[in-house]
Amino acid sequence: MHPTPDFFSIPVPPVADDLPLEPFAGEGAWYGPAMKQRAQEWQMPFSEKQIAVLRDAIESAEKAGLGPLDLTAANFPLPGWEDLFASTKKDLFEGRGFILLRGFPVDELTALQRAIGYFGIGAHLGRAVPQNAKGHAIGHICDIGVDYTKTTGRGYQSNVKLNFHTDSTDIVGLLCVRHAKKGGASRIVSSATIYNEMLKRRPDLVRLLMGPIYRDRREEVPVGQGPWYCIPAFNPFRGRLFTTYVRSTVQKATRFTELPPISPELEEAMDLLESLAADPAYHLDMDFRPGDIQFLCNHFILHGRTAYEDYDEPAKRRHLLRLQLACPDGPALPPVYENLRGYDEHGRPQGTRTPGVSLTAPLEPIDGGPGAFEQRKRKE
Ligand SMILES: [Fe+2]
């Protein structure tokens with residue numbers, strides 16, 4: 001039983017039992033312990049000169065009255081950063097799929113200056129897209145006590161462990177403003193490695209993850225899309241593996257009576273994927289320091305985090321700023337990726353673009369109580 005929705009969607013056929021499968025080779029299929037030994041390749045401290053250029057750019061943008069959403073690569077020039085941006089894109093789209101930039105001057109900037117600097121850097125990699133149905137282009141990753149088990153509950157608003165998943169855009173960025181008292185490590189894994197390891201053990205389950213999997217939009221329905229959608233987790237395309245996976249949305253989609261239940265085999269496949277990803281033989285942990293910016297390409301990396309404990313004082317609690325970027329020069333995507341969120345005018349995943357909702361850049365967590373306010377809307 002595979003329902004055809006009345007909203008637009010690319011059909012997803014099941015995969016034949018005898019489809020031959022090959023492992024994926026190349027830089028994208030890395031192993032955590034070996035990658036840890038090569039930290040100098042993926043930990044990139046900004047130079048003093050780059051930071052001085054960044055400070056000047058932030059000051060100029062602020063003087064010109066530009067907010068984070070107004071910034072483009074053209075109006076936020078960062079001379080001397082060209083090689084860094086070129087190598088970052090190469091790493092994210094053609095190589096290992098992630099990078100950790102270090103030394104963004106979080107402590108010396110106001111919340112607005114911080115957002116300007118972060119979005120300004122992001123504007124050289126892609127365009128910020130809405131991360132939720134409220135149109136937020138800055139995601140505040142902090143514990144505001146949300147119940148993650150509810151349909152609309154989102155794990156990033158709690159302090160729980162987050163299971164391995166992908167976000168829906170080309171790049172996700174995390175800027176660490178403050179780290180936790182304990183825990184909260186970012187945990188990432190190569191999805192090609194997980195595919196390869198599953199293939200050695202259970203090729204039948206790999207094929208299942210290449211077939212129809214239904215996911216709940218959790219009441220965040222972008223323009224032209226329906227309340228649920230269908231997309232395989234593993235999508236081989238033009239010699240590379242594209243992975244999209246959020247188990248909580250698969251589980252939440254069972255509330256739609258028109259959808260088939262999750263089969264025991266699919267549960268087994270998701271269990272195997274996650275148990276491999278959770279194995280220290282495969283993943284890489286990163287402890288963020290204030291001023292760290294992690295950029296990942298969601299198509300090639302699964303991410304999660306360990307649970308954490310905060311300091312009692314609100315001003316010391318863990319706080320990361322998330323940026324979701326659509327990248328016009330990102331890799332060509334499997335056609336079925338249109339089902340994810342739909343595409344923007346450049347043919348990239350558009351984020352949670354919701355009818356009648358404008359993009360905003362809240363400088364503080366909106367649900368964070370007194371003092372929270374929204375940055376003015378993008379000028380368009
Ligand atoms: Fe995520």
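In what order do the strands of the 4-stranded open sheet lie, and is the pairing parallel or antiparallel?

1. The open sheet. The order is β5-β15-β8-β13, and the pairing is antiparallel. At the edges are β5 and β13 (284–286), each of which pairs on one side only. From one strand to the next the twist averages 20°. These remarks, like those below, concern a predicted model.

2. The β8 and β15 pair. These two strands run antiparallel and are joined by 5 bridges. One residue pair to look at is Ile188 with its bridge partner in β15, His303. His303 is also one of the protein donors of the iron ion, so this residue ties the sheet description to the metal site discussed next.

3. The iron site. Three residues supply the protein donors of the iron ion: His165 through NE2, Asp167 through OD and His303 through NE2. They lie 2.1 to 2.3 Å from the ion. Along the chain the donors follow the spacing H-x1-D-x135-H. The two histidines link distant parts of the chain, being 138 residues apart, with His165 in strand β5 (residues 162–165) and His303 in strand β15 (residues 301–305).

4. Burial of the two histidine donors. His165 has a relative accessibility of 15% and His303 one of 11%; because the cut-off for buried is under 20%, His165 counts as buried and so does His303.

5. Helix α6. This helix spans residues 191–201, and 9 of its 11 residues are buried, so it is largely enclosed by the rest of the structure. The buried residues are Ser191, Ala192, Thr193, Ile194, Tyr195, Asn196, Glu197, Met198 and Leu199. Polar side chains are listed here too, among them Asn196 and Glu197.

6. What surrounds α6. The cover over its buried residues includes the strands β8 (186–190), β11 (234–237), β12 (240–243) and β15, and the helices α7 (203–209) and α9 (264–277). The helix lies across β8 and β15 and runs at about 60° to β8. At the N-terminal end of α6, Ser190 acts as the cap, with a side-chain oxygen 3.3 Å from the backbone nitrogen of Ala192.

7. The β11 and β12 hairpin. Two of the strands that cover α6, β11 and β12, pair in the antiparallel sense over 4 bridges. Phe237 has Arg240 in β12 as its bridge partner. The hairpin has 2 residues between the strands, and Arg238 takes a positive phi near 50°.

8. Strand β2. Which way do the side chains of β2 point, and are they buried or exposed? Phe98, Leu100 and Arg102 point one way, Ile99 and Leu101 point the other way, and all are buried. The strand covers residues 98–102; with 5 of the 5 residues buried, it is largely enclosed by the rest of the structure. Arg102 is thus listed as buried along with its neighbours in the strand.

9. Partners of β2. Strand β1 (residues 43–45) runs parallel to β2 and is joined to it by 3 bridges; Pro45 has Arg102 as its bridge partner in β2. Strand β14 (residues 293–297) runs antiparallel to β2, with 4 bridges joining them. There the bridge partner of Leu101 is Ile293.

10. Cysteines. How many disulfides does the model contain? The count comes to 0. For Cys176, the closest cysteine sulfur belongs to Cys142 and is 12 Å away, too far for a bond. For Cys327, the closest is that of Cys297, at 7.5 Å, which is again too far for a bond. A disulfide would require the sulfur atoms to be within 2.5 Å. Cys176 is buried, with a relative accessible area of 1%, and Cys327 is buried as well, at 0% relative accessibility.

11. Lys63. This residue sits in helix α3 (residues 48–63). Its relative accessibility is 68%, so Lys63 counts as exposed. The C-alpha atoms of Lys63 and Arg289 are separated by 29 Å, and the two residues are 226 residues apart along the chain.

Definitions and conventions
Residues numbered from 1 in each chain as written. Predicted model: local features only at pLDDT ≥ 70, side-chain atom pairs only at ≥ 80, totals over all residues. Heavy atoms only, no water. Buried < 20%, exposed > 50% of the residue type's maximum accessible area, 1.4 Å probe, protein only. Donors = N, O, S within 2.8 Å, 3.2 Å for Na, K, Ca; no water. Contact = heavy atoms within 4.5 Å. Polar contact = N/O pair within 3.5 Å; in protein donor to acceptor, adjacent residues only side chain to side chain. Pairing = 2+ DSSP bridges. Axes fitted to C-alpha atoms, helices over the stretch in contact; angles between N-to-C directions.
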